[in-house]
Amino acid sequence: MADIAQPLPITVTSGRWNDLSIRIRRSAEYVVIPLFAIAISGIVFSLLLLSLGKSPLDFFWLIERGGFGTAFSIENTLQTSSPLILTALCVALPARIGLVIIGGEGALVLGGFASAAIAIPLVDGHTPVLLTLSIMALAGVIVGGIWIGIVGYLRYARGVNETISSLLMTYIGIATMNFFVEGALRDLTNPNKPSTKPIGDAYMIGNIPGTEVHWGFAVGIALAIVLSILLSRTTFGFAVRVSGGNPRAALAQGLPVGKLIVICCAIAGACAGLAGFFQVAEIQGRANASLAAGYGYTGILIAFLARHSPVAVIPIAILFGGIVASGGLIERRMGLPDATVLVLQGLTFVILLMSETLYGRFKIFQVGQSTDRT
Amino acid sequence: MNNAASITVLIALVGGALRVSTPFMFVALGECLTEKAGRVNLGQEGTLVLGAMTAYAISYQTGSPWLGVLGAGCAGSVLGAMHGYICKLPRVNDIAVGIAMMLFGTGVAFFFGKPYIQPSAPQLGSFSLGAWTHNKDIATALQINPLLLVGIAVAVVMAWAFANTKWGLIVRMTGDSAASARAMGVSIDLVRFVATTVGAFLAGIGGAFLSLYYPGAWNQGLSSGQGLMAVALVIFARWSPIRCVLAALLFGAAGAIGPSLQSVGITQGYYFFNAAPYILTLFIMIASAGSARAARDVPGELSITK
């Protein structure tokens with residue numbers, strides 16, 4: 001690395017408070033730099049809007065209105081952010097073991113499709129609702145887990161690049177769903193859009209009591225916290241982090257790196273598959289092409305912004321949930337194409353990655369340890 | 001399937017290979033150059049889509065499709081230059097930047113391409129190699145777009161240049177060993193920057209083929225992963241431009257399976273056959289990833305195979 005900073009003298013620390021303040025200052029770097037990247041993206045995007053003769057103030061005001069301004073829009077935002085949390089987890093977890101998986105979209109689509117397909121014989125009005133939903137969720141989780149698990153297995157066993165293979169698997173997954181939805185499992189009573197048979201209102205998951213927010217949001221947050229604990233507080237998590245940091249050292253230590261990779265990928269895929277299940281059981285009521293709405297791709301950006309920390313995924317997913325949720329409003333009010341949010345996301349992603357180069361450059365964050373990290 | 005039908009399918013496959021392969025070829029050649037210099041540009045999918053949109057828009061506005069092809073190359077090289085510049089910053093990972101450029105490129109293309117979904121732009125012409133036959137199917141299958149020949153020419157020139165020129169040597173050295181390149185006084189960042197930019201120029205031209213010849217219209221689902229498949233194809237072609245061309249032809253044929261079966265009335269499993277190129281790519285990746293020959297031919301600095 002070209003930018004090796006001079007090691008700072010190691011500060012002698014005493015007492016818990018001092019220790020804590022140093023920890024906060026050090027981890028502040030991981031908060032400040034991504035926020036800085038988001039701010040710069042906002043500025044660059046504003047310049048783009050100005051050059052098109054649109055008002056950036058209108059744009060950000062509409063995001064505020066459409067995403068966070070009213071109780072209704074906040075509920076809408078939380079709704080949108082629930083698949084985003086889960087698809088971001090699908091990227092974040094494998095990233096901790098050193099894999100860049102971008103196929104969450106495929107696992108979401110297939111997971112959603114599997115839960116809708118398995119529900120067809122079950123939603124007859126006699127099977128208990130809870131049992132049906134459990135089976136549906138299980139189907140989504142298993143199919144999603146296997147789907148991304150295959151990617152992990154191919155990576156470890158054959159050295160197949162996981163980034164490319166996971167995205168290829170996404171296309172295969174979407175084609176597989178289309179194959180069934182337009183063929184064997186097509187609901188012939190619905191001529192408009194090829195879909196599976198609806199699961200029916202009786203079998204849809206309701207809202208969290210007292211809100212208009214679906215349960216998927218709560219489950220997403222719970223999963224993020226559980227995975228965070230799993231990574232930071234368990235032997236499994238430690239083994240994963242060691243393998244991600246240095247696979248050869250991990251192998252030399254006798255850690256089952258291959259197994260860990262496959263397990264991480266399977267859990268990741270299960271998260272995305274669960275997102276698919278919630279899309280079907282909460283929002284669409286059936287599986288069709290609308291499942292491939294791009295949540296998997298937004299999840300990639302969220303995971304990178306969160307630096308692959310499952311807990312940090314939550315607030316960022318809510319932020320982007322707001323942006324995605326207000327997309328329609330922005331398009332209508334400002335006469336912008338529906339890809340506007342995509343451009344903002346792409347721009348943020350590019351600038352975020354550029355900001356990676358800033359880590360370790362600001363002395364203010366470098367306290368209490370030498371700075372020669374890589 | 002009877003005899004006549006299989007011949008029809010076979011002709012359609014050959015025609016498909018000649019028609020569908022060109023974008024694969026351009027992206028693969030561009031990526032081959034970039035990877036030879038030791039960097040991976042996964043953003044080629046975005047480059048391809050942006051190239052397609054730019055070509056269509058310019059062709060529509062100016063009435064000249066060839067100007068569109070040029071514009072597509074330039075738009076692509078802007079994305080490539082961005083990728084090349086960002087990756088030279090310390091601590092920045094080229095795979096991640098590629099993903100970001102993929103999302104950014106497609107986003108920009110969809111954003112500015114919205115007004116061009118409806119109107120029809122002047123298309124690139126073609127000529128036929130099928131004058132000798134009276135069979136209409138064969139004559140149609142042998143319609144060749146000049147860009148196909150350009151692609152083959154680029155591949156030949158590239159293969160020759162890698163082996164015989166100073167520039168080729170510099171690119172290969174940068175890709176195989178950054179330390180040697182540095183010792184020789186070569187600027188690694190500059191070589192990779194140029195290789196990525198030129199590579200993305202080629203990928204942009206591939207996009208122009210998509211929107212201006214086959215399928216010959218601009219819409220958001222135009223590429224659907226072809227750029228990505230072409231990147232995977234470079235590994236299969238073991239970083240040889242000539243093998244890139246052959247692999248692209250193979251992929252073209254695989255992509256034509258679905259439509260050609262449909263042309264003889266086999267519509268069942270249409271979606272499955274649409275997935276054929278992706279499945280083929282995946283299997284090819286599985287087969288070629290572990291092979292000893294790939295391990296020998298891979299540029300030493302490449303992060304994609306590590």
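Helices here are DSSP runs of H or I with at least four residues, and strands are DSSP runs of E with at least two; both are numbered from the N terminus. All the views below show a predicted model.

**View 1. B:Arg91 sits in a loop of chain B.** On one side of this loop is helix α3, residues 65–88. On the other side is helix α4, residues 94–113. Look at the backbone of B:Arg91: phi is near 70°. That value is positive, and the residue is not glycine. Is B:Arg91 buried, exposed or partly exposed? It has 16 C-beta neighbours inside 10 Å, so B:Arg91 counts as partly exposed. A buried residue would need 20 or more such neighbours, and an exposed one would have 12 or fewer.

**View 2. The loop between α9 and α10 of chain B holds B:Ser224 and B:Pro215.** Helix α9 covers residues 188–212, and helix α10 covers residues 226–236. Start with B:Pro215. A cis peptide bond joins B:Tyr214 to B:Pro215. Omega for this bond is about 0°. Now move to B:Ser224 in this loop. Phi of B:Ser224 is near 35°, a positive value in a residue other than glycine. How many C-beta neighbours does B:Ser224 have inside 10 Å? The count is 17, so B:Ser224 is classed as partly exposed.

**View 3. B:Ala12 belongs to helix α1 of chain B.** This helix runs over residues 3–36. B:Ala12 has 23 C-beta neighbours inside 10 Å, and therefore counts as buried. Which residues does B:Ala12 touch, leaving out those up to four places away in sequence? They are B:Ala141, B:Ala256, B:Ser260 and B:Ser263. For another landmark, find B:Ala203. B:Ala12 and B:Ala203 are 191 residues apart along the chain. Their C-alpha atoms are separated by 25 Å.

**View 4. B:Leu233 is one of the best-connected members of the largest nonpolar core.** This core has 217 residues. Five of them touch the most other members: A:Leu89, A:Val313, B:Ala28, B:Leu233 and B:Cys244. Helix α10 of chain A, residues 257–284, gives the largest share of this core, with 18 residues. Back to B:Leu233. Leaving out residues up to four places away in sequence, B:Leu233 touches B:Phe24, B:Ala28, B:Cys244, B:Ala247, B:Ala248 and B:Phe251.

**View 5. Chain A meets chain B.** Here 40 residues of chain A are in contact with 38 residues of chain B. Which helices of chain A each supply at least two residues of the touching side? They are α5 (129–158), α6 (162–181), α11 (295–305) and α14 (340–355). The largest share comes from α6 of chain A, with 11 residues. What kinds of residue make up this side of chain A? It holds 26 nonpolar, 10 polar and 4 charged residues. For the whole model, the scores are ipTM 0.92 and pTM 0.91.

**View 6. Chain A contains 14 helices and 0 strands.** Follow chain A from the N terminus, and every element in the run is α. Its C-alpha trace spans about 75 × 60 × 40 Å along the principal axes. Does the radius of gyration of chain A agree or disagree with that of a compact globule? With 374 residues, such a globule would be near 21 Å; chain A has 22 Å, which agrees. Of the 374 residues of chain A, 49% count as buried. Take the contacts in chain A with a separation of 6 or more. Residues 24 or more positions apart account for 79% of them.

**View 7. Chain B has 15 helices and 2 strands.** Along the principal axes, its C-alpha atoms fill a box of roughly 60 × 45 × 35 Å. A compact globule of 306 residues would have a radius of gyration near 19 Å; chain B has 19 Å, so the two agree. Buried residues make up 55% of the 306 residues in chain B. Now consider contacts in chain B between residues at least 6 apart in sequence. Of these, 79% join residues at least 24 apart. The mean pLDDT of chain B is 90, and 98% of its residues reach 70 or more. Where pLDDT is low, the predicted coordinates should not be read in detail.

Conventions. Residues are numbered from 1 along each chain as its sequence is written. Chains are lettered from A and ligands numbered from 1 in the order in which they are written. This is a predicted model: local features need pLDDT of at least 70, side-chain atom pairs count only at pLDDT 80 or more; totals for chains, interfaces and linings use all residues. Two residues are in contact if their C-beta atoms, placed from the backbone, lie within 7 Å. Ala, Val, Leu, Ile, Met, Phe, Trp, Tyr, Cys and Pro count as nonpolar, Asp, Glu, Lys and Arg as charged, and the others, Gly among them, as polar. A nonpolar core is a set of buried Ala, Val, Leu, Ile, Met, Phe, Trp, Tyr and Cys residues joined through C-beta atoms within 7 Å. The radius of gyration is taken over C-alpha atoms; the globule rule is 2.2 Å times the number of residues to the power 0.38. pLDDT is the predictor's confidence in each residue, from 0 to 100.
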